Amino acid sequence: MDDIIKISNINDFIFCPASIYFHNLYGNENKLMFQSKYQLNGTKAHETVDENKYSTKAEIITALDVYSEQYRIIGKIDIFDKKKKLLVERKKHIKEIYDGYIFQLYAQYYCMKEMGYEIYKLELRSVDDNKKYNVKLPEEDLEMNTKFENTINEIRKFDLEGYQQTNTLKCGNCIYEDACDRSLNRGE
Ligand code: SF4
């Protein structure tokens, strides 16, 4: 895998490493052609932000391109409130807080810190039901931070060639199932 990791790929990698290939192939826009479940819950909420419609308030930064030299990760943040020093990642619907959601926030956090921003709080927001979830900073949750660093290392070492998904349910919930020759539901 490329040395520089896209932040948006971290969540995909945890869901299924093979899905990164399709994510990169189809991108976010064409992805909406596919029937969605788990993965789209993590992406659709960004549309407003990506089009920069969220806010014109000076203290709110949206869709900022970010990069970390330390972790060699690149991406975009969702929302940063400069006054509250609050970094927010919105999801369409949060049913459960997956590690991948937290790792995306950590990745954005490290990038922004390197870029000189001070961040005091991290938050996940579920847009459909308007719920907010506080997430501890990486230095307040060392176990999670270690898991984050291990995941980044695993992504970097990952080799698609020999990979086989073992969880049928994941394939059943995957928006790329029709296109994926590794799907466990092939031939059913
Ligand atoms: S269909 Fe299965 S193996 Fe293929 S990307 Fe989706 S979850 Fe992974």
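This passage looks at the ligand of the structure and at the cavity around it. The model is a predicted one, and its residues are numbered from 1 along each chain.

A good place to begin is the search for enclosed space. Across the whole structure, one cavity of 30 Å³ or more was found. The largest cavity holds about 110 Å³ of space. Its lining is made up of 15 residues, and the closest to the centre are Cys16, Ala18, Cys171, Cys174 and Cys180. By residue type, the lining of the largest cavity comprises nine nonpolar, three polar and three charged residues.

Helices take part in this lining. At least two residues of it come from each of H2 and H7. H2 gives the largest share, with three residues.

The ligand, in turn, is found in the largest cavity. Two elements each contribute two or more residues to the shell around the ligand: helix H2, spanning 17-31, and helix H7, spanning 168-172. Following the chain, the residues that surround the ligand start with Cys16, Ala18 and Ser19. They continue with Gln165, Lys170, Cys171, Cys174 and Glu177, and end with Cys180, Arg182 and Ser183. This shell has a mixed make-up, with five nonpolar, three polar and three charged residues.

Seen together, the two descriptions share several names. Cys16, Ala18, Cys171, Cys174 and Cys180 lie closest to the centre of the largest cavity, and these residues also belong to the group surrounding the ligand.

How values were computed:
Predicted model: local features only at pLDDT ≥ 70, side-chain atom pairs only at ≥ 80, totals over all residues. Heavy atoms only, no water. Near = heavy atom within 4 Å. 1 Å grid on protein atoms, 1.4 Å probe; cavity = no way out; pocket = protein on both sides within 12 Å on 5 of 7 lines; lining within 4 Å. Sits in = over half its atoms within 2 Å of the grid points. Helix = DSSP H or I, 4+ residues; strand = E, 2+ residues; numbered from the N terminus. Nonpolar A, V, L, I, M, F, W, Y, C, P; charged D, E, K, R; others polar. Points joined across faces, edges and corners; volume = space filled by probe spheres on them.
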